[in-house]
Amino acid sequence: MARAQRARIRTAGLQPAQVLAGLSSLAFLVFGIVGFTRTGFADFAGRSDATVLGFSVNPLYNLGFVVLGAIGLLLTFGSGRSRVFGFLTFVAFGALFVWGLMIAGTVSTNPVSQAGNPFNLNGPDNWLHLGLAALGLVIAFLPARHKVLVPEDEEEDRADGATVVEPHPDDSRRPKHEKGPAVAREERPPGLAR
């Protein structure tokens with residue numbers, strides 16, 4: 001059995017979390033901009049009868065979507081950053097979901113009744129927020145694709161297709177009876193898959 005020495009594991013290319021974060025960020029931006037075309041900027045945190053796709057909107061709500069979409073696009077350019085965007089989405093929409101439940105009276109006592117309804121939330125908005133919070137969790141916990149990188153430190157003058165057998169780096173310090181198997185690695189021209 002061959003074993004690689006000094007192998008490093010790195011994320012491989014564009015990750016599923018990055019794709020999903022980018023698409024959802026674009027959707028948030030579009031939703032917020034379309035919302036602004038419906039509501040304008042007047043009565044910023046007040047009640048509005050305007051809707052986008054059946055969901056109530058007001059300028060403050062639209063601004064939240066535009067800001068979250070812009071932040072998401074900035075965080076899409078890295079696997080870890082996309083996961084941070086997923087957690088941010090989960091926290092933001094999870095909080096809006098809980099707040100919407102309290103405003104709608106689903107919770108027996110409404111502790112936020114003094115704050116009013118600055119985001120113009122209603123029943124359908126609550127379900128949208130629950131779904132978007134779940135989407136944030138999916139983005140945050142999507143598994144990453146990895147690849148193993150092995151350093152290419154062999155001599156360049158070896159013939160293509162030759163098999164290189166090297167001792168494990170720690171074999172020189174071990175007693176002879178404890179030495180492990182040699183490392184076998186096949187040399188391939190650059191660009192071929194391993």
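This is a short talk on the fold, one pocket and some aromatic rings of a protein chain.

Hello everyone. A word of caution to begin with: the model is predicted.

Let's start with the whole chain. The protein chain has 194 residues, and 34% of them count as buried. There are four helices and six strands in it. What pattern do they follow along the sequence? Reading along, you get β-α-β-β-α-α-α-β-β-β.

Now the surface. About 11,700 Å² of the protein chain is exposed. Carbon and sulfur atoms supply 65% of that area.

Next, contacts. Take the contacts in the chain with a separation of 6 or more. Of these, 67% are between residues 24 or more positions apart.

On to the pocket. I've picked the second largest pocket, with about 160 Å³ of space in it. Two elements give two or more residues each to its lining: helix H2, residues 59-75, and helix H3, residues 79-104. Which residues line this pocket? They are Tyr-61, Gly-64, Phe-65, Leu-68, Ala-92, Phe-93, Leu-96 and Phe-119. Helix H2 gives the most, with four residues. What classes of residue are in the lining? Seven are nonpolar, one is polar, and none is charged.

Keep three of those names in mind: Tyr-61, Phe-65 and Phe-93. They come back now, as rings.

A pair of aromatic rings is described by two things: the distance of the centres and the angle of the planes. The count for this model comes to 10 aromatic pairs. Here is one of them. The rings of Tyr-61 and Phe-65 have their centres 5.1 Å apart, and their planes are at 75°. Why is this pair edge-to-face? Because planes over 60 degrees apart count as edge-to-face, and here the angle is 75°. Where do the two residues sit? Both lie in helix H2, four residues apart, which is about one turn of the helix. Both Tyr-61 and Phe-65 are buried.

Phe-65 has another partner, Phe-93. For Phe-65 and Phe-93, the ring centres are 5.5 Å apart and the planes are at 45°, so this pair is tilted. Phe-65 lies in helix H2, but Phe-93 lies in helix H3. So the pair ties together parts that are 28 residues apart in sequence. Are Phe-65 and Phe-93 buried or exposed? Both are buried.

Now put the rings together. Ring pairs link Phe-28, Phe-31, Tyr-61, Phe-65, Phe-85 and Phe-93 into a cluster.

Last, two single residues. Asn-62 is in helix H2. Why does Asn-62 count as buried? Because its relative accessible area is 0%, and buried means under 20%. What does Asn-62 touch, leaving aside its neighbours within four places in sequence? Its contacts are Gly-32, Gly-35, Phe-36, Thr-39 and Val-57.

The other residue is Asp-125. You'll find it in helix H4, residues 123-141. Asp-125 has 0% relative accessibility, so it counts as buried too. Again leave aside neighbours within four places in sequence. Asp-125 is then in contact with Phe-55, Ser-56, Tyr-61 and Asn-120.

Notice Tyr-61 in that list. Tyr-61 also lines the second largest pocket, and Tyr-61 belongs to the ring cluster. Find Tyr-61 in the structure above, and you can trace these links yourselves. Thank you.

Conventions. Residues numbered from 1 in each chain as written. Predicted model: local features only at pLDDT ≥ 70, side-chain atom pairs only at ≥ 80, totals over all residues. Heavy atoms only, no water. 1 Å grid on protein atoms, 1.4 Å probe; cavity = no way out; pocket = protein on both sides within 12 Å on 5 of 7 lines; lining within 4 Å. Points joined across faces, edges and corners; volume = space filled by probe spheres on them. Nonpolar A, V, L, I, M, F, W, Y, C, P; charged D, E, K, R; others polar. Buried < 20%, exposed > 50% of the residue type's maximum accessible area, 1.4 Å probe, protein only. Contact = heavy atoms within 4.5 Å. Areas by Shrake-Rupley, 256 points an atom, 1.4 Å probe, with all protein chains shown as cover. Phe/Tyr/Trp six-rings, centres within 6.5 Å; stacked < 30°, edge-to-face > 60°.
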